[in-house]
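This report introduces the interior of a protein chain to a reader who has not met it before. Please consult the sequence and structure shown here while reading.

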Amino acid sequence: QITVSADRGKENAAYTIIRRDNKVQKKAMYREGEKKLSELLENHKYLSDHGIHMVEILPEKKGLIMPYINAMSAVEYLRSLLVRDKKIFFEGLDQLWQVILSSSDHVPYAEIDWDKFDPYWEKSKIDDPSKDKWKRLAKGTKEEQDSLGVVLKRGYIDLVPLNCFWWEGNFVFYDQECYVENLPAKVIMLRTIDLIYMGNQHLFKILPEKDVKGRYG
């Protein structure tokens, strides 16, 4: 089976090939994409060094090679927990939350340039009333700081159940192509919750999504 990703420019265009020998191969479609594979390998090492379980990945002449993992996707695993029991579901989600928190160093608020914290800070107008919202939170009350939470030095935005297996009692990740510097950990958790509920209306009846988001602030 071959998956082709060619809609994000030559730098990101790649083949993912599931082979008959139970190996998965990732190849750049163009020479411009070879740097992206090197970055993926470096991200893998970074996360592994921070104690995150990763699918083993090795460089080879034609790209990257990894084993085929015959396991349940983490998003399906978490959905199955929610259907079974709310308490068990939160235990599983808490476990994933701890993984996210440990995936990178935590940046002290004093070291962050809050004027440039928003990714779109250059486009904000001088008289925009929301321009200083992050700075106000970071320098506000404990409750306001808690609402912002931990800021990760490297926020891997795909450290979510869609890029993860539940395998041998652990969340095991793959395809961590990019990160955002100085990213609140809650951004990744918000993506996680959205992915769990996406296209599964019956889950809202078991446990409202807003209750899950409320638990993690």
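Contact means heavy atoms within 4.5 Å. Helices (H or I, at least four residues) and strands (E, at least two) are DSSP runs numbered from the N terminus. The model is predicted, so that local features need pLDDT of at least 70 and side-chain atom pairs count only at pLDDT 80 or more, while totals for chains, interfaces and linings use all residues. Residues are numbered from 1 along each chain as its sequence is written, and side-chain values use heavy atoms, leaving out hydrogens and water.

Helix 1 has buried residues (under 20% relative accessible area, 1.4 Å probe, protein chains only), namely L37, L40, N43, H44, Y46 and L47. These buried residues pack against the three strands tabulated below.

| Partner of helix 1 | Residues |
|---|---|
| strand 3 | 23–28 |
| strand 5 | 63–67 |
| strand 7 | 151–155 |

Just after helix 1, G51 adopts a positive phi of about 85°.

The largest nonpolar core, a set of buried Ala, Val, Leu, Ile, Met, Phe, Trp, Tyr and Cys residues joined through side-chain atoms within 4.5 Å, has 38 residues. Among those with the most contacts inside this core are L78, F89 and F171. Helix 3 (86–101) is one of the contributing elements, and its eight residues form the largest share. Beyond its neighbours within four places in sequence, L78 touches F89, G92, L93, L96, P161, F171 and I196. A second, separate core of eleven residues includes V24, L37, V55 and V172.

Methods. Buried < 20%, exposed > 50% of the residue type's maximum accessible area, 1.4 Å probe, protein only.
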